[in-house]
Amino acid sequence: MVAILAMMIAVTVFGSAATYESMRSYEDLLRSQTTLIGSFESLLKNTTLDDSGYNYHYQFLDSFDDLAEREQQGLASFEDLVSYNWSDLSEGEKIGLTQGFEDLIRREATILSSNEDLLKRGFCSLDSAQKQELLDRFESRLKYEVVLYTKFDEWLQYQQMIEGTQKETWIAFLDSYEDLLRRQADLLSSFEMLLKIKCDGGYLTLTRSVISQTGNDVVYRYHLSARNQTANIVIIDQILGEIASYGLVPAGFEETIDVARRNITCGECDNCSCNVCGFATACGEVITPNGNFTTCAVSNQCCVVINDYPSQILPVIYPGYQVDDLTAYPSAGMAQNQEQEMMPQYQGMMPQDQGMGAIPLDSVAANPPPSRFR
């Protein structure tokens, strides 16, 4: 639905001078869309998709890539709309829309990072054709992200003179641009890792398991094996970051590492129970008589059930239902006279719709359109 409304606004105002308010409204719709996609990604990453009877990994990776593409379509339309009406905007309006465009690009980069995480997690569950298809599509998203960055750069080029009147704003734009480029570099590095993943366990293998859980404190165990002499091994957990690194290990090397993660919470809901799932990767440089090469392995996904009830109240509650009378629960005595919001309020959000027209992003990425500033 958000995508439909966003496209309707673009179609309605294009061809005539769009007002600043309508462009900001379009921007807000696109921002709401990224929020919804992020919520879907959170549910997806904490769902166990392994099932021998169904190809859930491919189905959801295909779906999430489609959502990422549609979000890029929206950003392309927004950029086109603002550029077409650029000469009718005041300096302050140009700054406001540029700030909004930077925020949308940043959110899109986060969606692509989530796409890459999901792809790594399910990569070894795909057949060779599916791997190549999804890698090609992810590469297309990265290529078009460069086009969006180029357009952001173009917007900045047309506002260089604000350095004299709004120095702090100009410096903030430069800082944001630098950060966006770093995010792009991280995505390219992740794409390179995807190309180096070996699923047969011929060089590196990595497993991730839960060996103990006390309340919301969990101890994870990682088991690494290297069949060949391998240098510069790094184990990275999707959630915890770097777990361990090794300069040089001999052939047949095995190591077990236990890492505790304390006070895990549910990120997307309050006073609820949830799954918290994760995986890890290991990359290293295999040393052979014929030369060295880098390879990566992806661990299995493992999940824990977290009961996130900071107020110690365990209500029976449904989505959208607001608990007002805490005294109705026996354990609520300690919480009297405190405001306890039991469910998040999803204000300003609307369900998405699939009916958004396609834009040939691959061809646009290969041949970026000329400037439309007038």
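Which residues form one aromatic cluster with Trp86 and Trp155? Tyr26, Phe78 and Phe101 do, so let me say it properly: Tyr26, Phe78, Trp86, Phe101 and Trp155 make up one aromatic cluster. Before I go on, a reminder that this is a predicted model.

Okay, aromatics. A pair of rings is described by how far apart the centres are and by the angle of the planes. In this structure there are eleven aromatic pairs. Take Trp86 and Trp155, whose ring centres are 5.6 Å apart with the planes at 50°, so we call that pair tilted. What I like here is the sequence separation: Trp86 is in the loop between H3 and helix H4 (91-122), while Trp155 is in helix H5, and the two are 69 residues apart. Both Trp86 and Trp155 are buried.

There's another pair to look at, Phe152 with Tyr177. Their centres are 5.6 Å apart and their planes are at 80°, an edge-to-face arrangement. This one also links distant parts of the chain, with Phe152 in helix H5 and Tyr177 in helix H7 (residues 167-196), 25 residues apart. And is Phe152 buried or exposed? Phe152 has 0% relative accessibility, so it counts as buried.

While we're on rings, have a look at Tyr220 as well. The charged end of Arg208 sits over the Tyr220 ring, 4.2 Å from the ring centre.

Now the helices, and H5 is the one to keep your eye on. Start with H3 against H5. Helix H3 covers residues 56-84, helix H5 covers residues 128-157, and they pack at an angle of about 20° with their axes 11 Å apart. Because of that angle, H3 is roughly parallel to H5. The crossing of H3 past H5 is left-handed. And what classes of residue are in the contact of H3 with H5? Twelve are nonpolar, three are polar and ten are charged.

Next, H5 against H7. The packing angle is about 165°, and the axes are 11 Å apart. That makes H5 roughly antiparallel to H7, because anything over 145 degrees counts that way. H5 and H7 have a left-handed crossing too.

Then H4 against H5. Again the angle is about 165°, with axes 11 Å apart. So H4 runs roughly antiparallel to H5. And once more the handedness is left: H4 passes H5 in a left-handed crossing.

Let me move on to a few single residues. Gly38 is in helix H2, which spans residues 20-45. Its relative accessible area is 29%, so Gly38 is partly exposed. How far apart are the C-alpha atoms of Gly38 and Glu108? They're separated by 9.9 Å, with their positions 70 residues apart along the chain.

Now some backbone. Most residues other than glycine have a negative phi. With that in mind, go to Asn232, which has a positive phi of about 55° although it isn't a glycine. Where is Asn232? It lies in strand E3, residues 230-237. With 49% relative accessibility, Asn232 counts as partly exposed.

Asn263 is another one to click on: it isn't a glycine either, and its phi is positive, about 55°. This asparagine, Asn263, lies in the loop between strand E5 (253-261) and strand E6 (272-278). Asn263 has a relative accessible area of 58%, so it is exposed.

Last stop, Cys296. You'll find Cys296 in strand E8, residues 291-298. At 3% relative accessibility, Cys296 counts as buried. If you go from Cys296 to Val286, that's ten residues in sequence and 10.0 Å in space, C-alpha to C-alpha.

So, to recap. H5 packs with H3, with H7 and with H4. H5 also carries Trp155 and Phe152, and both of those residues take part in aromatic pairs, Trp155 with Trp86 and Phe152 with Tyr177. That's my tour, thanks.

How values were computed: Residues are numbered from 1 along each chain as its sequence is written. This is a predicted model: local features need pLDDT of at least 70, side-chain atom pairs count only at pLDDT 80 or more; totals for chains, interfaces and linings use all residues. Side-chain values use heavy atoms; hydrogens and water are left out. Axes are lines fitted to C-alpha atoms, for helices over the stretch in contact, and angles run from 0 to 180 degrees between N-to-C directions. Helices (H or I, at least four residues) and strands (E, at least two) are DSSP runs, numbered from the N terminus. Angles under 35 degrees count as roughly parallel, over 145 as roughly antiparallel, 65 to 115 as roughly perpendicular and the rest as oblique. A crossing is left-handed if the near helix is turned anticlockwise from the far one by less than a right angle, and right-handed if clockwise. Ala, Val, Leu, Ile, Met, Phe, Trp, Tyr, Cys and Pro count as nonpolar, Asp, Glu, Lys and Arg as charged, and the others, Gly among them, as polar. Rings of Phe, Tyr and Trp (its six-membered ring) pair if their centres lie within 6.5 Å; planes under 30 degrees apart count as stacked, over 60 as edge-to-face and the rest as tilted. Buried means under 20% relative accessible area, exposed over 50%, partly exposed in between (1.4 Å probe, protein chains only). A charge sits over a ring if NZ of Lys or CZ of Arg is within 6 Å of the ring centre and within 35 degrees of the ring normal.
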